[in-house]
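Me: Here's a structure I've never looked at before. Can you walk me through it in plain terms?

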Amino acid sequence: MADLCIASYNVKGFNSPSKLRHIFSFLKREKCSVLLLQETHFKFNHYPNLSHSYFLHWFHSGSNSSASRGVSIGFRKDVPFQYCSHVQDAKGRYIMLKGLIGNQLYTFINIYASNTNQIAWFSDLLPTMEAFQEIGVILGGDFNVTMKPILDSTSQKSALFNKALRHLHEDLHNLSLLDAWRVLNPST
């Protein structure tokens, strides 16, 4: 399998035909292989048919209680993804998807973290992630946390206390998860 190009977007609602056209056009131009969407606003078990000539295979998690959540994972038509299993929550905050691409097993995790009490939310999520993940983890989404405030925030401050932010960094490190953007762009 060639390299995967993975895109992650908080779409703030994905029910508008013009937004769908715009995003699919961009993804085709950029040759993205896997798409992680957050805040789709899809309700649980009421998912639109997002099959597109470019992205055919979709997996969703939606909320019964709120239309402001929802996450989805889509695969380009030429990515030979073979589904194995998945875990999702009833609040539309995450989906974990396991499958094969070629002979490689991947775990795709897409999250839309809570806007408040992020550390408690991650503390609840991490054991599920640890139990489900295998080699080849790709974690993306909207963490609702500024992971490197000095680089990623104009105020250079985080809404979280330094101790809480350090704890989150340690938890992700203990699961061998890296911020790919930060690894490739350490000073931007």
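Me: How many residues does helix α1 have, and how far does α1 reach from its first C-alpha to its last?

Reply: First, this is a predicted model, where local features need pLDDT of at least 70 and side-chain atom pairs count only at pLDDT 80 or more, while totals for chains, interfaces and linings use all residues. Residues are numbered from 1 along each chain as its sequence is written, and side-chain values use heavy atoms, with hydrogens and water left out. Helices (DSSP runs of H or I, at least four residues) and strands (E, at least two) are numbered from the N terminus. Helix α1 covers residues 17–30, and at 1.5 Å times one less than its number of residues you'd expect 20 Å, so its reach is close to that: 14 residues and 20 Å.

Me: Which residues of α1 are buried?

Reply: Buried here means under 20% relative accessible area, exposed means over 50%, and partly exposed is in between (1.4 Å probe, protein chains only). Arg-21, His-22 and Arg-29 are on the other side of α1 and are exposed. The buried ones in α1 are Leu-20, Ile-23, Phe-24 and Leu-27.

Me: Why do the buried residues of α1 line one face, and within what arc do they fall?

Reply: An α-helix has 3.6 residues a turn, so residues three or four places apart point the same way. In α1 the buried residues are Leu-20, Ile-23, Phe-24 and Leu-27. Seen down the axis of α1 (taking directions from the helix axis to the C-beta atoms), they line one face because they fall within an arc of 100°.

Me: Which strands are included in what covers the buried residues of α1?

Reply: Cover is about contact, which means heavy atoms within 4.5 Å. What covers these buried residues includes β1 (6–10), β2 (34–38) and β3 (55–61).
One residue of β2 is Leu-36, so if you're following the strands, that's a good next stop after β1, β2 and β3.

Me: Is Leu-36 buried or exposed?

Reply: Leu-36 sits in strand β2. Leaving aside neighbours within four places in sequence, its contacts include Ile-6, Tyr-9, Ile-73 and Gly-140. Leu-36 also lies 8.7 Å from Ile-111, C-alpha to C-alpha, though the two are 75 residues apart in sequence. With a relative accessibility of 1%, Leu-36 counts as buried.

Me: Where is Lys-31, the residue with a phi near 60°, and what comes just before it?

Reply: That phi is a positive value in a residue other than glycine. Lys-31 is exposed, with a relative accessible area of 57%. Lys-31 is in the loop between α1 and β2, and what it comes just after is α1.

Me: Is Glu-39, with its positive phi of about 55°, buried or exposed?

Reply: Glu-39 isn't a glycine either. Its place is in the loop between β2 and β3. At a relative accessible area of 13%, Glu-39 is buried.

Me: Which residue meets Lys-98 in a salt bridge?

Reply: A salt bridge is a side-chain nitrogen of Lys or Arg within 4 Å of a carboxyl oxygen of Asp or Glu, and the structure holds 2 of them. Lys-98 is buried at 10% relative accessibility. The N to O distance in its pair is 3.1 Å, and the partner is Glu-134.

Me: How many residues apart in sequence are the parts tied together by Lys-98 and Glu-134?

Reply: The two side chains meet in a salt bridge. Lys-98 lies in strand β6 (residues 94–101) and Glu-134 in the loop between α2 (118–132) and β8 (137–142), so the parts that the pair ties together are apart in sequence by 36 residues.

Me: How far apart are the closest N and O atoms of Asp-78 and Arg-76?

Reply: Asp-78 is partly exposed at 48% relative accessibility, whereas Arg-76 is buried at 12%. They form a salt bridge, and the distance is 2.4 Å.

Me: Which residues form a nonpolar patch on the surface?

Reply: A patch is made of residues with over 30% relative accessible area and no salt bridge, joining like charges within 9 Å and nonpolar side chains (Val, Leu, Ile, Met, Phe, Trp, Tyr) within 5 Å. Leu-184, in helix α5 (residues 180–184), is exposed at 69%, and Leu-178, in the loop between α4 (162–174) and α5, is exposed at 68%. Together the patch has about 370 Å² of accessible area (Shrake-Rupley method, 1.4 Å probe, with only the protein chains shown counting as cover for residues), and its members are Leu-178, Val-183 and Leu-184.
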